[in-house]
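Here's a quick walk through a two-chain model, starting with its pocket and moving on to the interface and the charged pairs. Have the viewer open as you read.

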Amino acid sequence: MIKSILVVDDSKMSRKLVIRALPEEWDSPVHQASNGLEALDIVHDKSPDVIFLDLTMPELDGFGVLAALQKEENKVPVIVISADVQTEAYERAIGLGARAFIQKPMGPGDIRKVVQELGLL
Amino acid sequence: MTRLKDQFNEDRRDALQEVVNIAMGQAGDSLAKLFGTFVELSIPKFHLCDVTELNQVLSKNDAYVEKMTILRQPFSGQLRGEGIALFNNSGVNELASLMGYEGEVTFGNEREMLLDVCSILVGACLNGVASQLEISLSYTAPTIITKDTTIEEFFKPESIQWRYAMIMEICLTLEQYDFTSNMLLFLSEDSFPPLMDKLDHMLDEL
């Protein structure tokens, strides 16, 4: 059961796109962060059940967030949504504990497909 | 100019920055495949200025202090302008090993490498922008404008054909190599209305 969601992206438009694409069954509060530091504050304060995370961000990037969560042994499922589509970016993110990687621009249904595959729906 | 800056409100800037970010992700991937190494991408920086302010805007970036090789790739269609690729001189020297050249690098080899990289970088970025905005663009072959020059020496307002510059500034660096490339996208004044229409269309769909 997903009780709260965190969407992290420095672009307001991207956050809106992600929120609009969330499964309608998730009638849960959505928290938003525009950089990695804000994201970690929300993780500590609100304990979201799933995180949608961009990689290229100011202050602290997505790799930094994943590394911090790994260090804290925080097992919250993280789905990376990034424009950095290099194989190495994917491997680094998965290596740091991301559960899935969606490439930008997202296709319709990408988020739904991934959360279903991860058993979050 | 103030009116133009006002028209580019926060939402439009954010949307354009994200469009360029996604396009640069694709350009970075193309370069990573060519070089066989990870390409670190910066967050695109957006500037809208009169060309007389160009040096002042760009001088805030320390990367532009050193001497560079500068290439240009014009584009036209529903948007008109040019992509400018800037390579630090030490990075140009690294290109040969990155691209698998062995032995002495001739003037011709170096020229060919620079044009190839510029074409991939600017072409992939503009293709990414065009496909997201659902517009068509055509490209002119890239050319090397100058070598061993600084930004300040190069961007003299009288030598720029545009009155206003909308600059998307993006930096790519390669791990383990002293290679940095900055890309600037300039748009003509008559491109602003269609661009804003396209961005508004994207924003309306949210």
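Let's start with helix H1 of chain A, since H1(A) gives the largest share of the lining of the largest pocket, 6 residues. Keep in mind that this is a predicted model. The pocket has a volume of about 600 Å³, and 24 residues line it. Want to zoom in on the middle? Leu17(A), Arg20(A), Pro105(A), Met106(A) and Met202(B) are the lining residues that lie nearest the centre.

Both chains chip in here: H1 (12-21) of chain A gives two or more residues to the lining, and so do H2 (10-35), H5 (107-133) and H7 (192-204) of chain B. As for chemistry, the lining splits into 12 nonpolar, 6 polar and 6 charged residues.

Now for the interface itself. On chain A, 22 residues are in contact with 22 residues of chain B. About 1,900 Å² is buried between the two chains, and carbon and sulfur atoms give 59% of that area. Which residues of chain A lose the most area to chain B? They're Met13(A), Thr56(A) and Gln86(A), and together they make up 33% of what the chain A side buries.

Polar links also cross between the chains: there are 8 residue pairs in polar contact, counting pairs with both residues at pLDDT 80 or more. On the chain A side, the elements giving two or more residues to the surface that touches chain B are H1 and helix H4 (87-95). H1(A) turns up again with the largest share of that side, 6 residues. By class, that side has 8 nonpolar, 5 polar and 9 charged residues.

On to the salt bridges. Side chains of opposite charge can pair when their charged atoms come close. The count is 12 over all chains, and 2 salt bridges run between chain A and chain B. Here are two examples, one across the interface and one inside chain A.

| Acidic residue | Basic residue | Closest N and O atoms |
|---|---|---|
| Asp11(B) | Lys12(A) | 3.1 Å |
| Asp9(A) | Lys104(A) | 2.7 Å |

Take a look at where the Asp9(A) and Lys104(A) partners sit. Asp9(A) is in the loop between strand S1 (5-8) and H1 of chain A, while Lys104(A) is in the loop between strand S5 (100-103) and helix H5 (110-117) of chain A, so the pair ties together parts that are 95 residues apart in sequence.

Technical notes. Residues are numbered from 1 along each chain as its sequence is written. Chains are lettered from A and ligands numbered from 1 in the order in which they are written. This is a predicted model: local features need pLDDT of at least 70, side-chain atom pairs count only at pLDDT 80 or more; totals for chains, interfaces and linings use all residues. Side-chain values use heavy atoms; hydrogens and water are left out. On a 1 Å grid over the protein atoms alone, a cavity is a set of points where a 1.4 Å probe fits but cannot get out, and a pocket is an open set with protein on both sides within 12 Å along at least five of seven lines; lining residues have an atom within 4 Å of a point. Grid points are joined across faces, edges and corners, and a volume is the space filled by probe spheres set on the points. Helices (H or I, at least four residues) and strands (E, at least two) are DSSP runs, numbered from the N terminus. Ala, Val, Leu, Ile, Met, Phe, Trp, Tyr, Cys and Pro count as nonpolar, Asp, Glu, Lys and Arg as charged, and the others, Gly among them, as polar. Contact means heavy atoms within 4.5 Å. Buried area is the accessible area (1.4 Å probe) that two parts lose on being put together, summed over both. A salt bridge is a side-chain nitrogen of Lys or Arg within 4 Å of a carboxyl oxygen of Asp or Glu. A polar contact is a pair of N or O atoms within 3.5 Å; within protein, one must be able to donate a hydrogen and the other to accept it, and residues adjacent in sequence count only if both atoms are side-chain atoms.
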